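Biologist: Could you take me on a close look at the core of this protein, and then show me what sits around that part? I'm in my first year, so please go step by step.

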Amino acid sequence: MYSKLADTVSFIQASGINQGRKPILQPLVEYIQQKVDANVDININFICTHNSRRSHLSQVWAQIAAAHYKIQRVRCYSGGTEETAMFPKIAETFQDAGIQVDIISTGANPIYALKYDKNAHPIIGFSKKYDAPFNPESGFAAVMTCSQADGACPFITGAEKRIPITYEDPKISDGTDQQDEVYESRSQEIAAEMFYVFSQIK
């Protein structure tokens with residue numbers, strides 16, 4: 001893990017999580033534990049409306065947490081109910097946390113390579129629908145990271161478990177003096193919860 005990212009992770013772990021969130025996170029803990037016990041692949045698709053902010057934060061931090069706790073066969077994905085673009089501030093927030101961010105392609109929907117360790121396979125970040133070919137067709141947990149997507153998609157084709165773990169949209173701070181603080185705070189909140197989840201796996 002890159003040294004700056006390791007410092008961020010240490011800070012996040014020391015900060016802990018809101019105790020009231022543990023029951024909300026428990027279904028994801030149980031899903032992962034069942035897969036670990038069965039020695040099978042663990043596919044998790046984090047879903048939000050636009051696949052632009054919260055779902056990317058969740059996907060990337062979950063993948064990093066799995067690597068940190070050496071939980072094998074974890075593959076994290078993200079998608080939306082519609083395709084837009086990964087909001088540039090999210091890439092900046094990852095970079096500020098110590099994740100190496102490289103732009104693979106530009107355009108209306110840029111593609112990013114996100115690396116947390118010099119020898120790790122990069123996480124590929126771009127906006128897509130939750131059922132895009134890039135994502136698994138079946139055998140995955142659908143983690144709904146925003147209430148709008150949770151309400152708009154009563155059924156996720158191929159999901160073997162649906163888990164609502166929703167977060168406030170950092171978009172509310174766009175164009176304000178609080179944007180940097182809000183995006184960093186939301187990133188750290190999601191990171192702390194994903195690290196908690198994977199810390200519970202035996």
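Modeller: Let's start at Ile32. Setting aside its neighbours within four places in sequence, Ile32 is in contact with Ile42, Ile44, Val197, Phe198 and Ile201. Keep in mind as we go that this is a predicted model. Ile32 belongs to the largest nonpolar core, which has 49 residues. Those with the most contacts inside this core are Leu28, Ile32, Trp61, Phe94, Met194 and Phe198. Which element gives the most to this core? That is H6, with nine residues. There is also a second, separate core of six residues, and Ile47, Tyr130, Phe140 and Ile156 are among them.

Now look at Gln33, which is found in helix H2, residues 22-38. Is Gln33 buried or exposed? Gln33 counts as buried because its relative accessibility is 15%, and the cut-off for buried is under 20%. Its side chain reaches the backbone nitrogen of Lys202 at 2.8 Å. Leaving out neighbours within four places in sequence, the contacts of Gln33 are Gln200, Ile201 and Lys202. Ile201 is one of the residues in contact with Ile32 too.

Phe94, another of the core residues with the most contacts, takes us to H4. Buried in H4 are Lys89, Ile90, Ala91, Thr93, Phe94 and Ala97. A general point helps in reading such a list: an α-helix has 3.6 residues a turn, so residues three or four places apart point the same way. What covers the buried residues of H4? The cover includes H1, H3, strand S3 (100-105), strand S4 (111-115) and H6. Just after H4 comes Gly98, with a positive phi of about 110°.

H4 also helps to line a pocket. The second largest pocket holds about 200 Å³ of space. Its lining is made of 13 residues, and Thr93, Asp96, Ala97, Glu184 and Gln188 lie nearest its centre. The elements that give two or more residues to this lining are helix H1 (3-15), helix H4 (88-97) and helix H6 (179-199). Sorted by class, the lining has four nonpolar, four polar and five charged residues.

The largest pocket has a volume of about 360 Å³. Of its 18 lining residues, Gln63, Val74, Arg75, Cys76 and Ile123 are the closest to its centre. Helix H3 (54-68), strand S2 (74-80) and strand S5 (123-125) are the elements that give two or more residues to the lining. By class, eleven of the lining residues are nonpolar, four are polar and three are charged.

Arg75 leads us on to Asp41, in the loop between H2 and strand S1 (42-48). Asp41 is partly exposed, because its relative accessible area is 29%, and partly exposed lies between 20% and 50%. Along the sequence Asp41 and Arg75 are 34 residues apart, while in space they are 7.7 Å apart, C-alpha to C-alpha. What does the side chain of Asp41 make with the side chain of Arg75? It is a polar contact, at 3.0 Å. The side chain of Asp41 makes a polar contact with the side chain of Arg73 as well, at 2.8 Å. Leaving aside neighbours within four places, Asp41 is in contact with Lys35, Arg73 and Arg75.

Strand S2 also holds Tyr77. With a relative accessible area of 16%, Tyr77 is buried. Beyond its neighbours within four places in sequence, Tyr77 is in contact with Asn43, Ile44, Asn45, Phe46, Gln59, Phe134, Asn135 and Pro136. Ile44 is a link back to where we began, as Ile32 is in contact with Ile44.

One last stop is Ser127, in the loop between S5 and strand S6 (140-144). Ser127 counts as buried because its relative accessibility is 1%. What lies around its side chain? A polar atom of that side chain lies 2.8 Å from the backbone nitrogen of Thr84. The backbone oxygen of Asn51 lies 3.3 Å from a polar atom of the side chain of Ser127. Setting aside neighbours within four places in sequence, the residues in contact with Ser127 are His50, Asn51, His56, Glu82, Glu83, Thr84, Ala85, Met86 and Asn109.

Notes:
Residues numbered from 1 in each chain as written. Predicted model: local features only at pLDDT ≥ 70, side-chain atom pairs only at ≥ 80, totals over all residues. Heavy atoms only, no water. 1 Å grid on protein atoms, 1.4 Å probe; cavity = no way out; pocket = protein on both sides within 12 Å on 5 of 7 lines; lining within 4 Å. Points joined across faces, edges and corners; volume = space filled by probe spheres on them. Helix = DSSP H or I, 4+ residues; strand = E, 2+ residues; numbered from the N terminus. Nonpolar A, V, L, I, M, F, W, Y, C, P; charged D, E, K, R; others polar. Core = buried A, V, L, I, M, F, W, Y, C linked by side-chain atoms within 4.5 Å. Buried < 20%, exposed > 50% of the residue type's maximum accessible area, 1.4 Å probe, protein only. Contact = heavy atoms within 4.5 Å. Polar contact = N/O pair within 3.5 Å; in protein donor to acceptor, adjacent residues only side chain to side chain.
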